[in-house]
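Hello,

I am passing a structure on to you today, and I hope you enjoy looking through it. Please open it first, and then read my notes alongside it.

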Amino acid sequence: MGKLFGTDGVRGVVNKELTPELVLKLSKAIGTFFGKNSKILVGRDVRAGGDMLLKIVEGGLLSVGAEVYDGGMAPTPALQYAVKTLGYDGGIIITASHNPAPYNGIKVVDKDGIEIRREKENQIEDLFFTERFNTVEWSSLTIEVKREDRVISTYVNGILSHVDVEKIKKKNYKVLIDPANSVGALSTPLVARALGCKIYTINGNLDPLFSARQPEPTFDSLKETAEVVKTLKVDLGVAHDGDADRAIFIDSEGRVQWGDRSGTLLSYWASVKNPRVIKKIVTAVSSSSLVEEYLSKYNIQVEWTKVGSVDIAHKVADENALAGFEENGGFMYPPHQYVRDGAMSFALMLELIANENVSSAELFDRLPKYYLVKTKVDLKPGMVVEGIYKKILEVYSASTVKAITIDGVKIIGKDFWFLVRKSGTEPIIRIMAEAKDENVANNLVNELKKIVEGK
Ligand code: MG
């Protein structure tokens with residue numbers, strides 16, 4: 001049986017791998033999976049081909065007897081929240097998240113708003129490849145696609161219900177929002193306005209070509225944004241990815257703070273807001289070892305998982321964890337929903353700095369200092385990924401304190417750690433290393449890159 005779903009949905013370059021034909025067939029499989037008369041919410045981010053794919057998905061769902069509601073353009077977490085709270089049986093979101101501009105994708109969510117479990121992806125793949133689709137008589141077809149106009153307002157109100165609005169309002173914060181020229185522009189400024197902030201935006205126009213900033217927040221792609229934070233002397237900057245489920249923060253000193261750093265602070269805050277006897281959070285192997293170093297002071301246990309928000313979300317739900325996050329800025333706050341949520345993270349971060357009565361720079365300075373270096377290598381024909389992992393384990397065996405091989409190869413040494421891992425969404429191998437000494441981190445990444453490239 002073939003494989004369609006990657007780490008997070010079905011992704012590909014529009015009209016190349018992700019063809020209208022494939023998407024039509026996939027929509028029929030998804031509609032058959034949810035069943036006749038199921039209510040399905042569909043929506044999309046700003047990407048090229050989004051409207052074409054949306055209409056194909058709607059047609060495919062209708063053809064197998066589903067009831068279809070069009071939520072329009074919205075952040076992924078807003079559509080997920082709408083599925084959960086407005087009584088839908090499931091949802092389809094047309095997005096490729098942080099992938100480069102030519103990509104688009106199909107993400108399927110269950111009635112709880114969470115990305116469907118792996119077993120259900122397999123069922124949909126089975127229906128797709130065997131073409132066992134529901135059939136509907138002409139006279140029983142649903143007459144039309146209905147509009148769902150409540151997606152953004154329901155989402156924004158949901159976020160505001162989880163923070164102390166008055167406490168944040170009193171601070172009159174100045175914030176800079178960078179929604180990556182995509183759907184974050186439709187909701188995060190509304191959250192900031194309700195929280196009494198003075199709002200500046202950069203990359204705030206909707207642009208399917210992402211001509212000003214790539215959809216993935218990186219240290220490099222956020223250079224200009226960070227400069228603006230510093231120049232305007234704002235209290236907090238936030239940058240989203242293409243579908244606004246990620247939030248990367250820029251502190252009041254203009255320093256880009258990576259997602260495992262903000263995730264650590266927000267996890268601490270989640271433990272204060274929701275007191276528990278057993279305190280546990282979930283994060284992927286791609287997060288820094290500082291997560292454990294910092295949270296152990298507050299008796300918060302860290303459970304490491306494979307990379308991929310689907311696994312993290314289900315683990316957080318199954319284990320009733322306080323929070324879950326990825327180093328890329330995807331943070332999940334369970335009282336709101338079990339999915340990554342950029343605007344929810346932003347509201348919580350404002351609440352945290354208001355509560356602690358410190359600047360965002362002072363807050364981040366509470367964390368241990370590590371230097372992070374990341375790069376990626378294109379996957380070329382002939383590269384044997386398992387062989388590369390094996391070689392790395394051999395080369396670093398002498399300096400390894402702990403090796404984790406549940407997803408790629410992660411090696412923790414005395415004053416460093418690194419992860420080399422094949423991406424689940426793009427044909428690349430990601431390399432990330434962190435060390436207390438900047439030169440050590442840089443040297444590690446250079447050495448690892450050479451090994452991966454076979455030089
Ligand atoms: Mg995303």
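Which residue stands opposite Ile281 in S14? It is Ala323. Please keep in mind as you look that this is a predicted model.

Let's stay with strand S12 for a moment, which covers residues 280–284. S12 is mostly covered, with 5 of its 5 residues buried. Its side chains take two directions: Lys280, Val282 and Ala284 point one way, while Ile281 and Thr283 point the other way. S12 pairs with strand S14 (residues 323–325) in the parallel sense, over 3 bridges. Strand S13 (residues 301–305) also runs parallel to S12, and 5 bridges join the two. In that pairing, Lys280 has Gln301 of S13 opposite it. To get from S12 to S13, the chain passes through helix H10 (residues 290–295), and this β-α-β crossover is right-handed.

Next, find the open sheet made of 6 strands. Their order is S1-S5-S4-S2-S3-S6, and the pairing is mixed. Strand S1 (10–13) and strand S6 (146–147) stand at the edges with a single partner strand each, so one side of each has no neighbour in the sheet. The partner of S6 is strand S3 (residues 67–73): the two run parallel and are joined by 2 bridges. Here you can spot Asp70 opposite Arg147 in S6.

Two helices go with this sheet. Helix H2 (residues 50–63) packs on it and touches strand S2 (39–44), S3, strand S4 (90–94) and strand S5 (103–110). The direction of H2 makes about 170 degrees with that of S2. Helix H3 (residues 76–85) lies across S2, S3, S4 and S5, and H3 too runs at about 170 degrees to S2.

Helix H5 (residues 151–160) is worth a look as well. It is mostly covered, since 8 of its 10 residues are buried. Among them are Val151, Tyr155 and Leu160.

Finally, there is a magnesium ion. Which protein atoms are its donors? They are Ser97 (OG), Asp241 (OD), Asp243 (OD) and Asp245 (OD), lying 2.0 to 2.1 Å from the ion. Along the chain, these donors follow the spacing S-x143-D-x1-D-x1-D. Are Asp241 and Asp245 buried or exposed? Buried means under 20% relative accessible area. Asp241 has a relative accessible area of 0%, so Asp241 is buried. Asp245, at 1% relative accessibility, therefore counts as buried too.

Happy exploring, and do write back with questions!

Best wishes

Conventions: Residues numbered from 1 in each chain as written. Predicted model: local features only at pLDDT ≥ 70, side-chain atom pairs only at ≥ 80, totals over all residues. Heavy atoms only, no water. Pairing = 2+ DSSP bridges. Helix = DSSP H or I, 4+ residues; strand = E, 2+ residues; numbered from the N terminus. Contact = heavy atoms within 4.5 Å. Axes fitted to C-alpha atoms, helices over the stretch in contact; angles between N-to-C directions. Buried < 20%, exposed > 50% of the residue type's maximum accessible area, 1.4 Å probe, protein only. Donors = N, O, S within 2.8 Å, 3.2 Å for Na, K, Ca; no water. Right-handed = clockwise from strand over helix to strand, strands pointing away.
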